[in-house]
Amino acid sequence: MTTDVMTSPSQELLLLLDRNQLRYDIVEHEPVFTIADALAATPALDGIKTKNVFLRDAKGARHFLVIVPHDVRLDLPALATTLGTSKLSMGSADRLQRVLGITPGAVSVFCLVNDKDRAVELVIDERVWQAEKVQAHPLRNTATVAMDRQSLAGFLALTRHVPTIVQA
């Protein structure tokens, strides 16, 4: 996402959502780096709280953004089998920056706006996909957005990412 001197990537994202009439609510909060931080710092907001994990296959040829409910523990071997790939592991901070243009702590579905080549495969847990609203960071870990299912689908259409829905 290109920005000018006066506009941050997060502001650009919110402008994109506004221009495309994608409804959302946003709350500001202290910086959060973990689920525990987010649970303590985020003011009341509708929607399912999520955990967003950036993964790579063993060869580093495939990248995945996996979104699950915040309290789910991912079974990486089972997920690798489901996705038809080799062993999965966490992508490094450098790889995350290079592929999605984001730093750890701010990873969410919204970083797909930076994936112009669609190099990242989106994987969403069925509970998140079916939720009335989903919470996510708007390219920074000092705010949380809640977006309804229709608006989330509209955002994904803008980025041209089609999610793989799984039971994690």
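This dialogue examines how terms for strands, helices and cavities apply to a predicted model.

Visitor: What makes E3 and E5 paired strands?

Guide: Pairing requires at least two bridges between two strands. Strand E3 (residues 63-69) and strand E5 (residues 120-125) are joined by 5 bridges, so the requirement is met. The two strands run parallel. Within E5, Val123 is the bridge partner of Val66.

Visitor: How do these strands fit into the sheet, and what is its order?

Guide: The sheet is open and has 5 strands, in the order E4-E2-E3-E5-E8, with mixed pairing.

Visitor: Why are E4 and E8 said to stand at the edges?

Guide: Strand E4 (88-90) and strand E8 (164-166) each have a single partner strand, so one side of each is left without a neighbour in the sheet. From one strand to the next, the twist averages 35°.

Visitor: Which strands does helix H3 lie across, and what is its angle to E4?

Guide: Helix H3 (residues 76-83) lies across strand E2 (50-57), E3, E4, E5 and E8. The helix runs at about 125° to E4.

Visitor: Which strands does helix H4 lie across?

Guide: Helix H4 (residues 93-100) lies across E2, E3 and E5, and runs at about 95° to E2.

Visitor: How many cavities are found in the whole structure?

Guide: The search finds 2 cavities of 30 Å³ or more. The largest cavity has a volume of about 40 Å³, and the second largest has a volume of about 30 Å³.

Visitor: Why is a space of this kind called a cavity and not a pocket?

Guide: The term cavity is used because a 1.4 Å probe fits there but cannot get out, whereas a pocket is an open set.

Visitor: What lines the largest cavity?

Guide: The lining residues include Thr50, Asn52, Ile67, Ile124 and Gln135. E2 and strand E6 (133-136) each supply at least two residues of this lining, and the largest share, 3 residues, comes from E6.

Visitor: How do the residues of that lining divide into nonpolar, polar and charged?

Guide: The lining of the largest cavity has 7 nonpolar residues, 3 polar and no charged. Thr50, Asn52 and Gln135 belong to this lining, and such residue types count as polar because they are in neither the nonpolar nor the charged list.

Visitor: What makes the lining of the second largest cavity nonpolar?

Guide: That lining consists of Val109, Phe110, Val134, Ala136, Val145, Met147 and Leu152. Ala, Val, Leu, Met and Phe count as nonpolar, and the division is therefore 7 nonpolar, no polar and no charged. E6 and strand E7 (143-148) each supply at least two of the lining residues.

Technical notes:
Residues numbered from 1 in each chain as written. Predicted model: local features only at pLDDT ≥ 70, side-chain atom pairs only at ≥ 80, totals over all residues. Heavy atoms only, no water. Helix = DSSP H or I, 4+ residues; strand = E, 2+ residues; numbered from the N terminus. Axes fitted to C-alpha atoms, helices over the stretch in contact; angles between N-to-C directions. Contact = heavy atoms within 4.5 Å. 1 Å grid on protein atoms, 1.4 Å probe; cavity = no way out; pocket = protein on both sides within 12 Å on 5 of 7 lines; lining within 4 Å. Points joined across faces, edges and corners; volume = space filled by probe spheres on them.
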